[in-house]
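The exercises below ask you to work through the structure shown here, and each task is followed by a solution that goes step by step.

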Amino acid sequence: MRIAIKTILIAATLLCALPARAALNVLACEPEWGALVRELAGDLAKVYQATTALQDVHHIQARPSLIAAARRADFLVCTGAELEIGWLPVLTRESGNPAIQPGAPGYFEATRYVTLIEVPTRLDRSEGDVHPAGNPHVQTDPRSIAKVAAGLAERLAAVDPQNAAEYRKRYASFAARWQQAIERWSREAAPLKGVRVVEHHRAFSYLFGWLGVEVIGYLEPKPGVEPSAGHLAEVLKLQQTRPAKFVVRASYVDPRAAEWFSEHAGIPVVVLPFSVGGDERATDLFTWTDELVGLLVKAAK
Ligand SMILES: [Zn+2]
């Protein structure tokens, strides 16, 4: 009996001495990047998502819980292009965590892998423009997701070399399935080409560029600036010459401006999930893009 216990103790000690494969602690600024890490890393990563698709990611409080998550993180994946300028620098600085400082291998910005559009010719934050480095919302075009995925898989392999082969294998599988889905979405979205819309914020510029949807006006006078009565009236005037078919807003946005416009222009509002989790059907990257394409096609009919 004593020998048996001793054997068990020795075995237990040996097991504890084996290097535990702790999952990579990942801090994802936005849900789409958290979802992409889950695709590429599976169980190899434990993802902490800093925000949800129902929050305005331009304006997030650097809460103590977020700073604590930044302290624990081995790897950080964010949008960049100044989207998180109001809160991410606080998280990295206050975390005191060298692994996720800008320039470290554990600091990954998705927008580095995509050519930004709507880059202002004149940089001026004083007018309240929250897109001073260009439009940061690259996640809405699945072709951008594909580019980011390639960069992210390589970076995960570099930060966690023991599992490099697994990240590359998972990436190859994801990339193949994603490419197939892109082809399907392109076919399904064919009726959207040339459809005119009014948009609240410049949230879906990449998606609309891909699908050939034409945005005739924005409810915000500038990205991040609240719609004013005067500006809304200006946009409404555009309806007389080149009428939009519907008005689009992301689900996290205050609905009032879009509802006002809908009422006065006599066109419906289409509410789109801005990321994974933006509505109950958008549970991962695939179902989220299904939603974007499906809701737009339905509204265009
Ligand atoms: Zn924005």
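**Exercise 1. Identify the aromatic cluster and describe the ring pairs.**

Step one is the cluster: Phe174, Trp178, Trp185 and Phe286 form one aromatic cluster. The model is a predicted one, in which local features need pLDDT of at least 70 and side-chain atom pairs count only at pLDDT 80 or more, while totals for chains, interfaces and linings use all residues. Residues are numbered from 1 along each chain as its sequence is written, and side-chain values use heavy atoms, with hydrogens and water left out.

Step two is the pairing rule: rings of Phe, Tyr and Trp (for Trp the six-membered ring) pair if their centres lie within 6.5 Å, and planes under 30 degrees apart count as stacked, over 60 as edge-to-face and the rest as tilted. Under this rule there are nine aromatic pairs. One of them joins Trp178 to Trp185, with 5.1 Å centre to centre and 75 degrees between the planes, an edge-to-face arrangement. Another pair, Phe204 with Phe208, is tilted, at 6.2 Å between centres and 45 degrees between planes.

Step three is burial, where buried means under 20% relative accessible area, exposed over 50% and partly exposed in between (1.4 Å probe, protein chains only). Trp178 and Trp185 are both buried; Phe204 counts as buried because its relative accessibility is 1%, and Phe208 because its value is 2%.

**Exercise 2. Place Thr289 in its surroundings.**

Begin with the secondary structure, in which helices (H or I, at least four residues) and strands (E, at least two) are DSSP runs numbered from the N terminus. Thr289 lies in helix α10, which spans residues 285-300. With a relative accessible area of 2%, Thr289 is therefore buried. Contact means heavy atoms within 4.5 Å, and once neighbours within four places in sequence are left aside, Thr289 is in contact with Pro142, Trp178 and Trp185.

**Exercise 3. Which order do the strands of the sheet containing β5 take, and which helices pack on this sheet?**

First establish the order: four strands form an open sheet, β6-β5-β7-β8, with parallel pairing, where two strands pair if DSSP finds at least two bridges between them. The edge strands, each pairing on one side only, are β6 (214-218) and β8 (269-272). Strand β5 (residues 196-199) is joined to β6 by four bridges, and the partner of Glu199 in β6 is Tyr218.

Then add the helices, using axes that are lines fitted to C-alpha atoms, for helices over the stretch in contact, with angles from 0 to 180 degrees between N-to-C directions. Helix α8 (residues 229-241) packs on the sheet by touching β5 and β6, at about 145 degrees to the direction of β6. Helix α10 touches β7 (246-250) and β8, and its direction makes about 175 degrees with that of β8.

**Exercise 4. Describe the sheet containing β1 in the same manner.**

The order of this open sheet of four strands is β2-β1-β3-β4, with parallel pairing, and its edge strands are β2 (45-49) and β4 (107-109). From one strand to the next the twist averages 20 degrees. Five bridges join β1 (residues 24-28) to the parallel strand β2, and Ala28 stands opposite Gln49 in β2. Helix α2 (residues 31-41) packs on the sheet, touching β1, β2 and β3 (75-78), and its direction makes about 175 degrees with that of β2. Helix α4 (residues 88-95) lies across β1, β3 and β4, running at about 170 degrees to β3.
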